[in-house]
Amino acid sequence: ALLLFDTTTTTTMSALVHASMSLGASMNARGVDISRPGVSLTFGVEQEQGKWTMIRHGKKNPKLNRPADQRKALIRGLTTELLRHGTVTTTMARAKAIRKPVENMIQLAKDGDDYKRRMAESFIYDKEVVNALFEQAPTRYADRNGGYTRIVRTLSRRGDNATMGVIRLV
């Protein structure tokens, strides 16, 4: 027998666990495992730093071990500094995380109308960087359809051995 849950009602994780435990399920490191004759079902739950969370299927944005507001501010700050200086040395995870927003800002600058400028100003912290980007990007990247950044791996960071890299504008 399969367990079917109505998606219109909200059920908590503990209710799911208790309901499945009453049907003869067992708890393991990956979550709740229902092993009955002919049925093998595991709910998508894993333990992360002492908390039960759902498995992140298809979620491509890295969490960077930060809450959402801090993560967004970090990405915006690194994007602003990369567009200001042209190169940033950071961890590989952060470099890969800022690649997409940087390329998006450059694409907005290549399109170059007032609406795209306002979108870029809402993301980049410094208006002078936005003005310089909208002046230089259409000519600098006219022959490119993407791939405006390059990430080069460098030596690991001393202290915590984090993989470091340099992200540069091409």
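Start by selecting helix H2, residues 68-85, in this predicted model. Its 18 residues should span 26 Å at 1.5 Å a residue, and the end C-alpha atoms are 26 Å apart, so the expected and the computed span agree.

Keep H2 on screen and show its side chains. Which of its residues are buried? Colour Arg-71, Leu-74, Ile-75, Leu-78, Thr-79, Thr-80, Leu-82 and Leu-83, and you have them. An α-helix has 3.6 residues a turn, so residues three or four places apart point the same way. Now bring in the surroundings: the buried residues of H2 pack against strands E6, E7 and E8 and against helices H3, H4 (114-123) and H5 (127-140).

While you are on H2, zoom in on Arg-76. The charged end of Arg-76 sits over the ring of Phe-123, 6.0 Å from the ring centre. Then step off the end of the helix to Gly-86, which follows H2 and has a positive phi, near 90 degrees.

Next, select the three strands that H2 lies across, E6, E7 and E8. In what order do they sit in the sheet? The order is E6-E8-E7, in an open sheet with antiparallel pairing. E6 (87-91) and E7 (149-153) stand at the edges with a single partner strand each, so one side of each has no neighbour in the sheet. From one strand to the next, the twist averages 25 degrees.

Now focus on E8, residues 164-169. Of its 6 residues, 5 are buried, so E8 is largely enclosed by the rest of the structure. You can walk along its pairings with both partners:

- With E6, E8 pairs in the antiparallel sense over 5 bridges; look for Val-88, whose bridge partner in E8 is Ile-167.
- With E7, E8 also pairs in the antiparallel sense, over 5 bridges. Here Arg-153 has Gly-165 as its bridge partner, and Thr-149 stands opposite Leu-169.

With the sheet still displayed, add the helices back. H2 runs at about 145 degrees to E6. Helix H3 (residues 92-111) packs on the sheet too, touching E6, E7 and E8, and its direction makes about 170 degrees with that of E7.

For a last stop, turn to the aromatic rings. How many aromatic pairs does a search of the whole structure find? There is 1. Select Tyr-141 and Tyr-148: their rings are arranged edge-to-face, 5.0 Å centre to centre, with 65 degrees between the planes. Switch on a surface to check their setting, as both Tyr-141 and Tyr-148 are buried.

How values were computed
Residues are numbered from 1 along each chain as its sequence is written. This is a predicted model: local features need pLDDT of at least 70, side-chain atom pairs count only at pLDDT 80 or more; totals for chains, interfaces and linings use all residues. Side-chain values use heavy atoms; hydrogens and water are left out. Two strands pair if DSSP finds at least two bridges between them. Helices (H or I, at least four residues) and strands (E, at least two) are DSSP runs, numbered from the N terminus. Axes are lines fitted to C-alpha atoms, for helices over the stretch in contact, and angles run from 0 to 180 degrees between N-to-C directions. Contact means heavy atoms within 4.5 Å. Rings of Phe, Tyr and Trp (its six-membered ring) pair if their centres lie within 6.5 Å; planes under 30 degrees apart count as stacked, over 60 as edge-to-face and the rest as tilted. Buried means under 20% relative accessible area, exposed over 50%, partly exposed in between (1.4 Å probe, protein chains only). A charge sits over a ring if NZ of Lys or CZ of Arg is within 6 Å of the ring centre and within 35 degrees of the ring normal. The expected span of a helix is 1.5 Å times one less than its number of residues.
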